[in-house]
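Please read this briefing alongside the sequence and the coordinates. It is arranged by topic, for a reader who wants to follow the packing, the sheet and the empty spaces of one model.

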Amino acid sequence: MFGAIRPYKGVEVALEALARLPPHFKLVVAGKAWENWDAHHRRIHALGLEERVTARTDYIPDSEVELYHKAADAALFPYLNFEAQSAAGMTAVSFGLPIVASDLGGFPDLVDPGFLVAPGEPVQLAEAFARAAARGRPTTREGAALTWDDVAARIQALYLD
């Protein structure tokens, strides 16, 4: 999980999902915490996930964004509510990461349906995350290319139509 840590981002759902996965699955939560991390810390301990969760809850400088994304096997966005497009999701796409996300906001336009889950559902999230990690290739929808040329062509098409 990468990006600002806010209550709607579903960290607690990610922790519950991780607890359902085999021990070799790990979770890194990286980004400035805009919420109190203490409840998550207590939940990590209650679930026995101390060795499987790494949290960096301060601002991640641009110089380290690539490091986090290249070290990841997949990106996880278990949002509880959301009505926009995720900048962190777009960043994960740019690094070619498989994505598992809640079926909210702009994620259905970005992620293959098999990797979209109902918000707040840790069992679905765990299953989709395991599939994405095993897949080893992006889970983005066909046509979800995000190069500048693609974006420019789409904008031009809007104006010409």
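The points below take up the core, the sheet, the cavities, the pockets and one loop residue in turn.

This is a predicted model, and every value given here is computed from it. Its largest nonpolar core has 42 residues, its strands S3, S4 and S5 form an open parallel sheet, and a search of the whole structure finds 2 cavities of 30 Å³ or more.

**Nonpolar core**

- Within the largest nonpolar core, which numbers 42 residues, the members that touch the most other members are Leu27, Leu76, Phe77, Ile99, Val100, Phe107 and Val111.
- At least two residues of this core come from each of helix H1 (11-19), strand S1 (27-30), strand S3 (75-77), helix H4 (87-94), strand S4 (99-102), helix H5 (107-110), strand S5 (116-117) and helix H6 (122-135).
- Among these contributors, H1 provides the largest share of the core, with 6 residues.
- Ile99, one of the core members that touch the most others, is in contact with Ala75, Phe77, Gly89, Ala92, Val93, Val111, Phe115, Thr139 and Thr140 once its neighbours within four places in sequence are left aside.

**The sheet**

- The open sheet is built from 3 strands in the order S3-S4-S5, and their pairing is parallel.
- S3 and S5 stand at the edges with a single partner strand each, so one side of each is left without a neighbour in the sheet.
- S3 and S4 run parallel and are joined by 3 bridges, and here Ala75 has Ile99 of S4 as its bridge partner.
- S4 also pairs with S5 in the parallel sense, over 2 bridges, with Ala101 standing opposite Leu116 in S5.
- In a regular strand, side chains alternate between the two faces of the sheet.
- In S4, Ile99 and Ala101 point one way while Val100 and Ser102 point the other way, and all of them are buried.

**Enclosed cavities**

- Rolling a probe the size of a water molecule over the atoms shows where empty space is left.
- The largest cavity has a volume of about 60 Å³, and its lining is made up of Met1, Phe2, Gly3, Ala4, Ile5, Lys9, Val11, Val29, Leu76, Phe77 and Tyr79.
- Sorted by class, the lining of this largest cavity consists of 9 nonpolar, 1 polar and 1 charged residues.
- The second largest cavity holds about 50 Å³ of space, and the residues that line it are Ala14, Ala17, Leu18, Leu21, Lys26, Leu27, Leu76 and Phe129.
- H1 gives the most to the lining of the second largest cavity, namely 3 residues, and by class that lining has 7 nonpolar, no polar and 1 charged residues.
- Leu76, which is listed in the lining of the largest cavity and also in that of the second largest cavity, is one of the core residues that touch the most other members.

**Open pockets**

- The largest pocket has a volume of about 450 Å³, and of the 22 residues that line it, Lys26, Val28, Ala72, Asp73 and Ala74 are the closest to its centre.
- S1, helix H3 (62-71), S3, H4 and H6 each supply at least two residues of the lining of the largest pocket, which by class has 18 nonpolar, 2 polar and 2 charged residues.
- The second largest pocket has a volume of about 270 Å³ and is lined by 17 residues, among which Phe2, Gly3, Ala4, Ala87 and Ala88 lie nearest its centre.
- H3 and H4 each supply at least two residues of the lining of the second largest pocket, and H4 gives the most to that lining, with 3 residues.
- By class, 10 nonpolar, 4 polar and 3 charged residues make up the lining of the second largest pocket.

**A loop residue: Arg20**

- Arg20 is placed in the loop between H1 and S1, and it counts as partly exposed because its relative accessibility is 45%, between the limits of 20% and 50%.
- Apart from residues up to four places away in sequence, Arg20 touches Pro122, Val123 and Ala126.
- Arg20 and Ala130 are separated by 110 residues in sequence, while their C-alpha atoms are 10 Å apart in space.

Definitions and conventions:
Residues numbered from 1 in each chain as written. Predicted model: local features only at pLDDT ≥ 70, side-chain atom pairs only at ≥ 80, totals over all residues. Heavy atoms only, no water. Core = buried A, V, L, I, M, F, W, Y, C linked by side-chain atoms within 4.5 Å. Buried < 20%, exposed > 50% of the residue type's maximum accessible area, 1.4 Å probe, protein only. Helix = DSSP H or I, 4+ residues; strand = E, 2+ residues; numbered from the N terminus. Contact = heavy atoms within 4.5 Å. 1 Å grid on protein atoms, 1.4 Å probe; cavity = no way out; pocket = protein on both sides within 12 Å on 5 of 7 lines; lining within 4 Å. Points joined across faces, edges and corners; volume = space filled by probe spheres on them. Nonpolar A, V, L, I, M, F, W, Y, C, P; charged D, E, K, R; others polar. Pairing = 2+ DSSP bridges.
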